[in-house]
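Q: Please take me through one part of this model at close range. I would like to begin with the question of disulfides and then go on to the strand pairing and its surroundings.

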Amino acid sequence: RVGSITNLFRQRPGAVRSLHPTHSVAAIGERAAELCAAPEDQSTFDRRGPWGKMYDWDAFVCWFGTDNRTNTTVHVVEEWMGLPYMETASAWVKGPDGEPMLRTCTQFPSGPRDFYRQNSRSARVLDASGIIRRTQVGKATVSLMKVRDLHRVLREAIIAEPDLLLKNDVPEDEWSCIARARTAAHIKEKFQ
């Protein structure tokens with residue numbers, strides 16, 4: 001579910017994987033276990049888990065042959081800002097005995113989003129910010145940016161335009177209408 005390169009990486013010798021059922025993180029290296037450790041009561045992008053450590057450690061986000069549509073760090077910004085459309089969901093995972101078990105995921109991304117589109121409004125904001133470096137490796141575009149820069153740019157952009165990540169071009173989409181109204185009220189109350 002997290003992509004072919006990610007799946008190959010997590011299966012390499014020495015790889016450590018976090019335990020989140022839908023948005024796990026894998027790492028290799030001296031601090032891999034430390035990066036992937038998270039409390040049992042973690043939310044999907046919990047500040048105390050891998051996503052917070054990536055921010056604290058001044059890590060990079062790197063895309064190979066993809067673009068902002070697969071930028072999971074966008075969801076981290078949404079959760080950390082407390083955006084009201086993040087939901088609770090369930091996911092089936094293999095338990096320690098190999099049997100399926102149902103896990104609850106809090107602060108889970110849901111609903112239709114603008115940033116899942118190619119050349120979305122948030123992708124244009126990130127491009128215009130100058131924080132992304134790009135090169136080609138074979139036929140693939142490789143993009144690199146600092147996690148902290150991504151957080152800063154998106155946070156500022158969401159405060160300025162609360163529905164930045166949400167669809168705003170389908171007036172009859174009830175979920176998006178409710179999410180836009182709640183998000184605007186949340187930003188006004190918490191950030192302005």
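## Cysteines, strand S3 and its partners

A: A search of the whole structure, which is a predicted model, finds 0 disulfides. A disulfide is a covalent bond between the sulfur atoms of two cysteines. For Cys-62 the reason is distance, because its sulfur is 17 Å from the closest cysteine sulfur, that of Cys-36, which is too far for a bond, and the criterion asks for sulfur atoms within 2.5 Å. Cys-105 is without a disulfide because its sulfur, too, has its closest cysteine sulfur in Cys-36, at 17 Å, and is too far away for a bond. As for solvent, Cys-62 is partly exposed, with a relative accessible area of 34%, whereas Cys-105, at 1% relative accessibility, counts as buried.

Cys-62 leads directly to strand S3, which covers residues 60-64 and has two faces. In a regular strand the side chains alternate between the two faces of the sheet. In S3, Val-61 and Trp-63 make up the covered face, while Phe-60, Cys-62 and Phe-64 make up the uncovered one. Cys-62 therefore belongs to the uncovered face, and the value of 34% places it in the partly exposed class, because that class lies between under 20% for buried and over 50% for exposed.

The pairing partner of S3 is strand S7, residues 140-146, and the two run in the antiparallel sense over 5 bridges. Two of the residue pairs can be named: Trp-63, on the covered face of S3, has Ser-143 as its bridge partner in S7, and Phe-60, on the uncovered face, stands opposite Lys-146 in S7.

Ahead of S3 in the chain comes the loop between helix H3 (50-56) and S3, and Asp-58 lies in that loop. The backbone of Asp-58 deserves a careful look, since its phi is near 55°, a positive value in a residue other than glycine. At 28% relative accessibility, Asp-58 counts as partly exposed.

S7 also pairs with strand S6, residues 133-137, again in the antiparallel sense and over 5 bridges. Within this pairing, Val-137 stands opposite Ala-140 in S7. S6 and S7 form a hairpin with 2 residues between the strands, and Gly-138 takes a positive phi there, near 65°. A positive phi also turns up in Gln-107, at about 55°, although Gln-107 is not a glycine; this residue lies in strand S5, residues 100-108, and is partly exposed, with a relative accessible area of 27%.

Helix H6, residues 147-160, contains Ala-160, and at 68% relative accessibility Ala-160 counts as exposed. Ala-160 and Phe-191 are 31 residues apart in sequence, and their C-alpha atoms are 9.8 Å apart in space. A second such pair begins in strand S4, residues 87-94, where Ser-90 has its place. Ser-90 is exposed, with a relative accessible area of 53%, and its C-alpha is separated by 4.5 Å from that of Thr-104, a residue 14 positions away along the chain.

Enclosed space is a further point to consider. The count comes to 1 cavity of 30 Å³ or more, and about 40 Å³ of space lies in the largest cavity. Its lining includes Ser-18, His-20 and His-23, together with Gln-42, Thr-44, Asp-46, Gly-49, Pro-50 and Trp-51. By class, that lining has 2 nonpolar, 6 polar and 1 charged residues.

Finally, a word on confidence, which a reader of these details will want to weigh. The mean pLDDT of the protein chain is 93, and 99% of its residues reach 70 or more. Confidence is highest in H6, at 98, and lowest in helix H1, residues 4-10, at a mean of 85.

Terms used
Residues numbered from 1 in each chain as written. Predicted model: local features only at pLDDT ≥ 70, side-chain atom pairs only at ≥ 80, totals over all residues. Heavy atoms only, no water. Buried < 20%, exposed > 50% of the residue type's maximum accessible area, 1.4 Å probe, protein only. Helix = DSSP H or I, 4+ residues; strand = E, 2+ residues; numbered from the N terminus. Pairing = 2+ DSSP bridges. pLDDT = per-residue confidence, 0-100. 1 Å grid on protein atoms, 1.4 Å probe; cavity = no way out; pocket = protein on both sides within 12 Å on 5 of 7 lines; lining within 4 Å. Points joined across faces, edges and corners; volume = space filled by probe spheres on them. Nonpolar A, V, L, I, M, F, W, Y, C, P; charged D, E, K, R; others polar.
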